[in-house]
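User: Please take a close look at the largest pocket of this model. Then work outward to the parts of the chain around it in the account.

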Amino acid sequence: MKKTIIIPLLVLTIVASASDFYYENGKKIEVIKLSEKRANSEVSYYKTSNGHKVGVNSEILVQCEEDVDCQSLLLTYKLKKVSQLTDKIFLVTLKKNENVFEFSQKLYEDENIEIAHPNFTKTKKRR
């Protein structure tokens, strides 16, 4: 009887402790959502495993491998908007209710994409 209770409890604990993450320079960076949210803002704040506080909205920066038509490739994904920032870097905007970390992981795992990570916002600091 105790075993049947412990196993589901253990599974729930593992699932609840799973966090979001993104890749930076090939390294996995985990993030934990903070309760902080500013009024009239779509930015959510997270604390990284490095101890940095980052703001995230629904945008991802993407760079494809050489000789890949990145614009065409990105159009195969269900995105709200694709904007070209430079000849190699694109900014994609996700549809509402998409998890920016999960989607950036999905893009990063595509063999034709070199870089895909959330477009972090910076907070203004006074001198």
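Analyst: What follows starts with the whole chain, goes to the largest pocket, and then takes up single residues and pairs.

This is a predicted model, in which local features need pLDDT of at least 70 and side-chain atom pairs count only at pLDDT 80 or more, while totals for chains, interfaces and linings use all residues. Residues are numbered from 1 along each chain as its sequence is written, and side-chain values use heavy atoms, with hydrogens and water left out.

The chain has three helices and seven strands. Here helices (H or I, at least four residues) and strands (E, at least two) are DSSP runs, numbered from the N terminus. Read from that end, their order is α-β-β-β-β-α-β-β-α-β. Of the 127 residues in the chain, 31% are buried. Buried means under 20% relative accessible area, exposed means over 50%, and partly exposed lies in between (1.4 Å probe, protein chains only). Contact means heavy atoms within 4.5 Å. Among contacts in the chain with a separation of 6 or more, 50% come from residues 24 or more positions apart.

Now the pocket. The search uses a 1 Å grid over the protein atoms alone. A pocket is an open set of points with protein on both sides within 12 Å along at least five of seven lines, whereas a cavity is a set of points where a 1.4 Å probe fits but cannot get out. Lining residues have an atom within 4 Å of a point. Grid points are joined across faces, edges and corners, and a volume is the space filled by probe spheres set on the points.

The largest pocket has a volume of about 420 Å³. Its lining holds 18 residues, and Glu42, Asn57, Ser58, Asn97 and Glu98 are the closest to the centre. Two or more lining residues come from each of β3, β4 (53-64) and α3 (100-108). Strand β4 gives the largest share, three residues. By class, the lining has seven charged, six polar and five nonpolar residues. Asp, Glu, Lys and Arg count as charged; Ala, Val, Leu, Ile, Met, Phe, Trp, Tyr, Cys and Pro count as nonpolar; the others, Gly among them, count as polar.

Asn97 deserves a second look. Asn97 sits in the loop between β6 and α3. At 77% relative accessibility, Asn97 is exposed. Its phi is positive, about 70 degrees, although Asn97 is not a glycine. Asp67 also has a positive phi, near 65 degrees, and is a residue other than glycine. Asp67 lies in the loop between β4 and α2 (70-75). Its relative accessibility is 83%, so Asp67 counts as exposed.

Next, strand β3, one of the elements that line the pocket. Thr48 belongs to this strand, residues 44-48. Thr48 is buried because its relative accessibility is 7%. Neighbours within four places in sequence aside, Thr48 touches Tyr22, Ile29, Glu30, Val31 and Val54.

The loop between β1 (20-24) and β2 (27-33) holds Gly26. Gly26 has a relative accessible area of 52%, so Gly26 is exposed. Gly26 and Tyr108 are 82 residues apart in sequence, yet their C-alpha atoms are 9.7 Å apart.

The chain has one disulfide, a pair of cysteine sulfur atoms within 2.5 Å. It joins Cys64 to Cys70, with 2.0 Å from S to S. The torsion about that S-S bond is about 65 degrees, so the disulfide is right-handed. Cys64 and Cys70 are both buried.

Last, the β5 and β6 pair. Two strands pair if DSSP finds at least two bridges between them. Strands β5 (residues 81-84) and β6 (residues 89-93) run antiparallel and are joined by four bridges. A hairpin of four residues connects β5 to β6. In this pairing, Ser83 stands opposite Leu91 in β6.

Leu79 is in the loop between α2 and β5. With 13% relative accessibility, Leu79 counts as buried. Leu79 and Thr93 are 14 residues apart in sequence and 6.3 Å apart in space, C-alpha to C-alpha. Beyond its neighbours within four places in sequence, Leu79 contacts Leu74, Val92, Thr93, Leu94, Lys95 and Phe103.
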